[in-house]
Amino acid sequence: MAMARASSGLAYPERFYAAAAYAGFDGSPNSTNTVSSKFQNDTALLLYALYQQATVGPCKTPKPSTWNAVEQSKWKSWNGLANMASTEAMRLFVKILEEEDPGWYSRASNFVLEPVVDMQMNHNPKADPVVENGNSFPETKTISSENGTVIETQDKDVVSEGLGSVAVYDQWIAPPISGQCPKARYEHGAVVIQDQMYIYGGNHNGRYLNDLHVLDLRSWTWSKVDAKVEAESDESKSPATVTPCAGHSLIPWENKLLSIAGHTKDPSESIQVKAFDPQNRSWSTLKTYGKAPVSRGGQSVTLVGTNLVIFGGQDAKRSLLNDLHILDLETMTWDEIDAVGGPPSPRSDHAAAVHAERYLLIFGGGSHATCFNDLHVLDLQAMEWTRPIQQGEIPSPRAGHAGVTVGENWFIVGGGDNKSGVSETVVLNMSTLVWSVVTSVEGRVPLASEGLSLVVSSYNGEDILVSFGGYNGRYSNDVNVLKPSHKSTKIMETPVLDSVSAVHNATNATRDLESEFDQEGKIREIVMDNVDAEPMKSKGEVSSEHRIASLKGEKEELESSLSKEKLQTLQLKQELAEAETRNTDLYKELQSVRGQLAAEQSRCFKLEVDVAELRQKFQTMEALQKELELLQRQKAASEQALSAKQRQGSGGVWGWLAGSPGSEREDEA
């Protein structure tokens with residue numbers, strides 16, 4: 001047995017009565033008026049209802065007259081709690097008071113003595129001690145905490161010791177938190193950048209939030225970020241209105257936070273992408289190109305290389321979606337993908353992960369009427385959907401769960417099925433598609449909630465999972481941590497497909513095989529990283545004869561495949577020989593055509609010479625023609641002159657004979 005000493009403040013129900021007295025519930029008829037003066041109307045009504053539920057029990061008084069609006073509102077608030085247990089009503093009363101007035105206990109402690117309680121840490125007989133570095137550590141008792149203060153020993157699966165003193169794996173731990181915790185919420189976004197977990201937005205009592213908080217994962221201290229809105233010099237950015245939202249996705253990218261989609265009070269037509277810069281603590285809206293998807297919430301956004309893969313969700317009209325879009329973060333361009341195969345049915349609040357930078361896995365989610373536990377895989381190279389066969393302890397249907405990947409292991413936490421929260425933390429080996437249960441919690445705790453967040457970080461050189469928030473009838477702002485075992489013993493001991501087992505038992509386990517999916521969606525070859533060189537065992541259940549039979553069957557399949565490959569190779573050789581023959585004939589024909597072309601070119605050259613000679617002769621003929629025309633004109637002129645002369649001589653003789661005046665003039669002369 002181990003002992004722990006902690007200051008827990010007042011235990012219940014004394015803590016509740018102190019809170020009720022501080023809030024103004026003293027049992028007098030005017031106490032409600034006192035509460036209304038301290039809190040807003042909706043908070044005062046809720047506190048009144050919880051006080052009545054805790055002290056009186058479920059509402060059994062008749063409904064007041066409609067003319068008394070105040071009494072009717074009080075009755076509705078109390079009656080709406082139905083059969084909530086009085087202890088739960090006490091806790092919720094104190095939790096709401098702490099959210100509205102975080103310092104109430106310090107001010108109320110002036111008249112309240114705070115005892116120091118010794119709490120005994122119980123050993124869980126069902127779990128074996130965990131050995132680390134040769135030392136045996138007994139499993140410590142789980143202690144539920146509220147706002148960082150230990151209040152009772154109800155949950156037997158969460159440990160409230162500091163992380164440095166806990167050496168167990170695969171157990172949820174409540175670390176010692178300091179600072180001002182964020183308001184309880186669910187459907188928020190969470191991401192880790194440089195040992196800092198950022199929490200943004202979410203839903204609390206039906207109201208969307210837009211606050212931003214950061215948890216230092218080294219000191220485990222909360223602080224609120226006073227974000228501002230600034231215009232960026234980059235033309236692709238513009239000032240962002242920090243709109244309250246829930247159901248969005250928070251993605252780390254280049255030391256910035258990207259907030260994608262989400263439900264808002266006044267939704268836009270298409271998905272908005274906003275960026276927060278932790279350096280200057282400012283928000284901006286990123287300009288995108290192409291056709292952006294319709295606005296939505298409850299979608300999955302997965303970072304694959306430099307692309308964001310968005311699937312499903314629920315639009316502003318509450319219609320479920322199963323469309324697929326990709327945003328290239330380098331060009332900020334949207335692309336709608338029309339993948340082949342059968343996609344998952346329309347859903348929201350599912351989980352998604354990427355394996356080997358090629359396969360997108362979709363698990364669970366919900367519609368308006370039901371929840372799912374199906375697994376779908378999208379080959380991002382072939383853009384083809386398949387639905388592989390799941391192995392191992394297949395999880396129950398759920399929605400609102402959270403998941404992160406550590407190596408080839410995909411951890412899934414929380415979620416619900418519209419009836420109750422899921423208490424198991426499960427893990428899927430994405431290479432073998434085998435499910436295992438890591439651990440389980442008991443009671444109505446935040447780890448069995450919907451809308452919680454889950455991130456992966458490191459502490460003292462080891463991977464840790466950090467969960468925050470959630471809703472399971474009450475809102476949570478608790479932080480819990482799980483340190484997964486590196487060897488993943490439970491996963492390695494789980495029976496896998498015979499074909500997969502045979503492949504890995506017959507080959508070097510350090511070899512990387514490329515993942516492929518056959519037509520039935522089964523994995524034929526699995527990427528195996530960090531696998532021990534010893535053959536995997538199934539707790540002694542698989543006999544040597546079965547292994548030999550499996551190997552023989554595998555050998556026969558390989559020989560059959562080899563024969564098919566040889567036959568195909570022979571056919572390819574024949575086709576190659578025929579192609580070479582056709583190539584030779586074509587080459588000969590080409591040479592013949594080239595010879596003909598050379599002859600035609602020579603003939604064309606001769607014709608060009610003849611044409612040149614003819615042109616020269618034609619030019620000579622034109623000169624002779626001009627000379628001939630000139631001689632003809634000279635001849636015509638000479639003939640005219642001669643004719644005129646003849647006429648003149650003939651006229652003189654006749655005139656003389658006739659005694660013309662011409663003759664007389666000659667005589668006179």
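Helix packing, a strand sheet and buried loop residues

A: In this predicted model, the axes of helix 3 and helix 4 (residues 69–79) approach within 8 Å, crossing at roughly 55°.

Q: Is that roughly parallel or oblique for helix 3 and helix 4?

A: The angle makes helix 3 oblique to helix 4. The crossing of helix 3 past helix 4 is right-handed.

Q: Which residues make the contact of helix 3 with helix 4?

A: Helix 3 contributes Leu45, Leu46, Tyr48, Ala49, Gln52 and Gln53, while helix 4 contributes Ser73, Lys74, Ser77 and Trp78. By class, five of these residues are nonpolar, four are polar and one is charged.

Q: Staying with glutamine 52, is it buried or exposed?

A: Glutamine 52, which belongs to helix 3 (residues 41–55), counts as buried because its relative accessibility is 14%, and the cut-off for burial is under 20%.

Q: What does glutamine 52 touch, leaving out residues up to four places away in sequence?

A: Glutamine 52 touches Gly57 and Trp78. Trp78 is also one of the helix 4 residues in the contact with helix 3.

Q: And helix 1 against helix 3: at what angle do their axes cross?

A: The axes of helix 1 and helix 3 cross at roughly 140° and come within 12 Å of each other.

Q: Why are helix 1 and helix 3 called oblique?

A: Only angles over 145 degrees count as roughly antiparallel, and with axes crossing at roughly 140°, helix 1 and helix 3 are therefore oblique to each other. Helix 1 passes helix 3 in a left-handed crossing.

Q: Which residues of helix 1 and helix 3 meet there?

A: From helix 1, Phe16, Tyr17 and Ala20 meet Tyr51, Ala54 and Thr55 of helix 3. The residues of this contact divide into five nonpolar, one polar and no charged.

Q: Which residues of helix 1 are buried?

A: In helix 1 (residues 14–23), the buried residues are Arg15, Phe16, Ala18, Ala19, Ala20 and Ala23. Among them, Phe16 and Ala20 also take part in the contact with helix 3.

Q: What happens just after helix 1?

A: Glycine 24 follows helix 1 and has a positive phi of about 115°.

Q: Where is there a positive phi in a residue other than glycine?

A: Aspartate 170 is one of them, with phi near 55°. This residue sits in the loop between strand 7 (158–159) and strand 8 (172–173). Aspartate 170 counts as buried, because its relative accessibility is 13%.

Q: How about tryptophan 220, what is its phi?

A: Tryptophan 220 is not a glycine, yet its phi is positive, at about 55°. Tryptophan 220 is placed in the loop between strand 12 (207–216) and strand 13 (221–225), and at 4% relative accessibility it counts as buried.

Q: Which residue has a positive phi in the hairpin of strand 16 and strand 17?

A: That residue is glutamate 254, with phi near 55°, in a hairpin that has two residues between the strands. Strand 16 and strand 17 (residues 256–260) pair in the antiparallel sense over five bridges, and serine 249 stands opposite isoleucine 260 in strand 17.

Q: How many residues of strand 16 are buried?

A: Strand 16 (residues 249–253) has four of its five residues buried, so it is mostly covered.

Q: Moving to leucine 329, where is it found?

A: Leucine 329 is in the loop between strand 23 (320–328) and strand 24 (333–337). With 7% relative accessibility, leucine 329 counts as buried.

Q: What is leucine 329 in contact with, apart from neighbours within four places in sequence?

A: Leucine 329 contacts Trp253, Leu258, Leu303, Thr306, Asn307 and Leu308. Its C-alpha atom is separated by 5.7 Å from that of threonine 306, and the two residues are 23 residues apart along the chain.

Q: Last topic, the five-stranded sheet: what is the strand order?

A: The sheet is open, with mixed pairing, and its strands follow the order 29-33-32-31-30. Strand 29 (391–392) and strand 30 (402–406) are the edge strands, each pairing on one side only.

Q: How many bridges join strand 30 to strand 31?

A: Five bridges link strand 30 to strand 31 (residues 409–413), and the two strands run antiparallel. Threonine 405 has tryptophan 410 of strand 31 as its bridge partner.

Technical notes: Residues numbered from 1 in each chain as written. Predicted model: local features only at pLDDT ≥ 70, side-chain atom pairs only at ≥ 80, totals over all residues. Heavy atoms only, no water. Pairing = 2+ DSSP bridges. Buried < 20%, exposed > 50% of the residue type's maximum accessible area, 1.4 Å probe, protein only. Contact = heavy atoms within 4.5 Å. Axes fitted to C-alpha atoms, helices over the stretch in contact; angles between N-to-C directions. Parallel < 35°, antiparallel > 145°, perpendicular 65-115°, else oblique. Left-handed = near helix turned anticlockwise from the far one by under 90°. Nonpolar A, V, L, I, M, F, W, Y, C, P; charged D, E, K, R; others polar.
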